[in-house]
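Colleague: I am new to this structure and should like to understand the terms applied to it. May I put some questions to you?

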Amino acid sequence: MILLCTLLEGLSLAVAETGAEPTPANFWMPEGASKQSSFIDLSFYVINWINYFFFGVVTLALVWFVLKYRQRGKKVVFSEGPVHNTTLEVTWTIIPTLLLVGIFFMGFIGYLDVRTPPKEAYQINVTAQQWAWEFEYPNGAKSTSELVIPAGKPVQLVMRSKDVLHSLYIPDFRMKQDVVPGRYTYMWFESDAENDPDDESDFYWLFCTEYCGDSHWNMNVHVRVFPEDRFEDWTKEQARWLDVIPEQDLYYMAGPKLYKRCATCHTIDGSDGSGPSWGPRNGLPGIWERVAKGEGDVSGGTRFIAGKNKLSDYIGPGKLYETPEAYIRESIYNPGALLVAGYGNQMPTFQGQLNDRGIDAVIGMMKNLDEFNPDGSFKDQAKIEEAQSRIAEAKAAAIEASSPPAAASTPQAPASAPQAPADASQADAGTPQAPVDATQAPADTPQAPAEAATE
Ligand code: CUA
C-alpha cells in the first residue's frame with residue numbers, strides 16, 4: 001500500500017509539474033490555459049473514466065440478472081442462495097479502496113500545488129467590491145477593466161473584499177477562490193498561453209462567482225497574458241496614463257475609461273440604474289445642469305439637514321458646497337454625504353482610486369454628456385485621433401529633450417527613461433497603433449462598454 005502511494009505521489013507530482021501546453025476546449029472543459037490546468041483536468045478525467053467503467057459494469061450486470069432470473073411460467077422456485085464468498089468480498093473491498101486512495105492522492109497533490117505559491121511569484125493585489133475588481137500592481141499601477149499578467153511567470157493574487165463575499169474565478173486557468181471581507185485570501189497560477197497584446201478580443205474570462213448583489217452579473221472582466229516585455233510596458237503605462245493627457249483633453253480621453261467603472265450603476269442616457277442616471281431623469285436636466293442649478297431632491301446622508309430637501313439648499317456661494325464641482329467631488333469621495341432622493345447609500349468611496357485629474361475627467365464628461373454615446377464612448381473619433389497624435393508627439397519630444405542628461409524634473413522621469421527606445425519607435429511608427437500611454441487607454445473604450453451591455 002505504501003509502495004503504491006509513493007508511486008502515485010511520484011507520478012502525480014511529475015504530472016503536476018510538467019506544465020503542459022494549453023489544452024483546447026472540449027465537451028467537458030474550456031480551454032486549459034494555465035500550467036495547473038492539465039493536472040486538474042487529469043484528476044477530473046480519471047474520476048470520470050472510473051465512473052464510465054462502473055456505470056457500464058453495473059448496467060451490464062443489471063441487464064444480465066434481469067434476463068437470467070426473469071419469471072418463466074407460473075411455477076415459482078425457491079432455492080438457497082450463496083451466503084458468503086470471501087474472494088468476491090475481498091475483491092470488491094480492495095479494488096474500490098485502492099481507487100479511492102488514488103483519487104485522494106491526486107486531489108491532495110493538486111491541492112498542495114494550488115495552495116503553495118512559489119516564493120518568487122509576482123504579486124498582484126486584488127480588491128473586490130460591489131461591483132468591480134481592482135487589480136493593483138507592485139509599481140502602483142491599477143486596473144479595473146482587465147487583469148493583465150506576465151506569461152511564463154508564477155502570479156499570486158492577494159485578495160480582499162471591501163464589502164461582501166465575492167469569488168474570483170478564471171475558468172480557463174481552473175482557479176477559483178472566495179474573496180472574504182475582513183481577511184486576505186490568495187491564489188496563484190502560471191500561464192504560457194499568451195494573448196496578443198494588440199488584439200483586445202484575445203482574452204480569458206474572469207468571473208465573480210459568488211452572488212454579491214444587484215450588479216453581480218457585471219463583475220466579469222478580461223484576463224490577458226502578455227509577453228514579459230509587453231507586460232512591463234503595460235504596467236508602466238498603466239501607472240501614469242492619466243498624467244500624460246493634457247487638461248483640456250481629459251474629459252474625452254480619460255472620461256470614457258473612468259466611466260466604465262461608474263457604468264455599473266449610472267447610465268448616461270437617463271435610463272434606470274442602481275444609482276441616479278447622469279442623463280436627464282424625472283423631468284430634470286442632465287447631471288451637470290441639475291447640480292449647477294441645484295435642482296432635484298435629497299433625502300438623507302451624513303450632511304443632510306432635516307427640512308432642507310432641495311439640492312439648492314446645499315450648493316452655492318456661502319453654502320455647504322461653494323461650487324457644483326465641490327459637491328460632485330464629495331459625492332465621489334464620500335458618497336454617503338448627501339443622498340439623492342430615491343437612492344440608498346450604496347456607492348463605495350473612490351478616495352484613493354481617483355485622483356484630482358480623474359475627478360476633472362469625470363466632471364468634464366458630465367459637463368459634455370451630449371458628446372458621448374449611451375455606452376460612454378466619445379462620439380468624435382477624429383478628435384480622439386488628433387489628441388492621440390498630439391500626445392504621442394509631445395512624448396517623443398519630451399523623450400528626446402530629456403534623454404542626454406538623465407532623469408530630469410518630473411517624478412515620472414525615471415520611469416519613462418528606461419522605456420524611451422520602445423516609446424520612441426512606437427511614436428515614429430505612426431499614431432493609429434501607437435499604444436503609447438493615454439492612447440492605449442481610451443482606445444479600448446469604444447468596445448468595452450458595448451460588451452458590458454451585451455453580457
Ligand atoms: Cu462580486 Cu458577485
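Colleague: Why are H8 and H9 called oblique to each other?

Modeller: In this predicted model, helix H8 (residues 324-333) and helix H9 (residues 356-367) pack at an angle of about 120°, their axes being 11 Å apart. Angles under 35 degrees count as roughly parallel, over 145 as roughly antiparallel, 65 to 115 as roughly perpendicular and the rest as oblique. The angle of about 120° falls in none of the named ranges, and H8 and H9 are therefore oblique. Axes are lines fitted to C-alpha atoms, for helices over the stretch in contact, with angles from 0 to 180 degrees between N-to-C directions. Helices (H or I, at least four residues) and strands (E, at least two) are DSSP runs, numbered from the N terminus.

Colleague: What makes the contact between H8 and H9?

Modeller: H8 contributes Glu325, Ile328, Arg329, Ile332 and Tyr333, while H9 contributes Asp356, Ile359, Val362, Ile363, Met366 and Lys367; contact means heavy atoms within 4.5 Å. By class, there are 7 nonpolar, no polar and 4 charged residues. Here Ala, Val, Leu, Ile, Met, Phe, Trp, Tyr, Cys and Pro count as nonpolar, Asp, Glu, Lys and Arg as charged, and the others, Gly among them, as polar.

Colleague: On what basis are the residues numbered, and which atoms and residues enter the values?

Modeller: Residues are numbered from 1 along each chain as its sequence is written, and side-chain values use heavy atoms, with hydrogens and water left out. As the model is predicted, local features need pLDDT of at least 70 and side-chain atom pairs count only at pLDDT 80 or more, whereas totals for chains, interfaces and linings use all residues.

Colleague: Why does Asp41 count as buried or exposed?

Modeller: Buried means under 20% relative accessible area, exposed over 50%, and partly exposed in between (1.4 Å probe, protein chains only). Asp41 has 5% relative accessibility, so Asp41 counts as buried. Asp41 is found in helix H2 (residues 37-68) and, leaving aside neighbours within four places in sequence, is in contact with Thr23, Met29 and Arg174.

Colleague: What is notable about the phi of Arg174?

Modeller: Arg174 has a positive phi of about 65° although it is not a glycine. Most residues other than glycine have a negative phi. Arg174 is placed in the loop between strand E6 (166-170) and strand E7 (175-179), and its relative accessible area of 12% is why Arg174 is called buried.

Colleague: How do you know whether Asn282 is buried or exposed?

Modeller: Asn282 has a relative accessibility of 67%, so Asn282 counts as exposed. Asn282 lies in the loop between helix H6 (255-262) and helix H7 (287-292), with a positive phi of about 50°.

Colleague: Why are strands E3 and E8 said to stand at the edges?

Modeller: The open sheet has 5 strands in the order E3-E2-E1-E5-E8, with mixed pairing. Strand E3 (142-143) and strand E8 (185-189) each have a single partner strand, so one side of each is left without a neighbour in the sheet.

Colleague: What makes E5 and E8 a pair?

Modeller: Two strands pair if DSSP finds at least two bridges between them. Strand E5 (residues 155-161) is joined to E8 by 5 bridges, and the two run antiparallel, with Leu157 opposite Met187 in E8. E8 is mostly covered, 4 of its 5 residues being buried.
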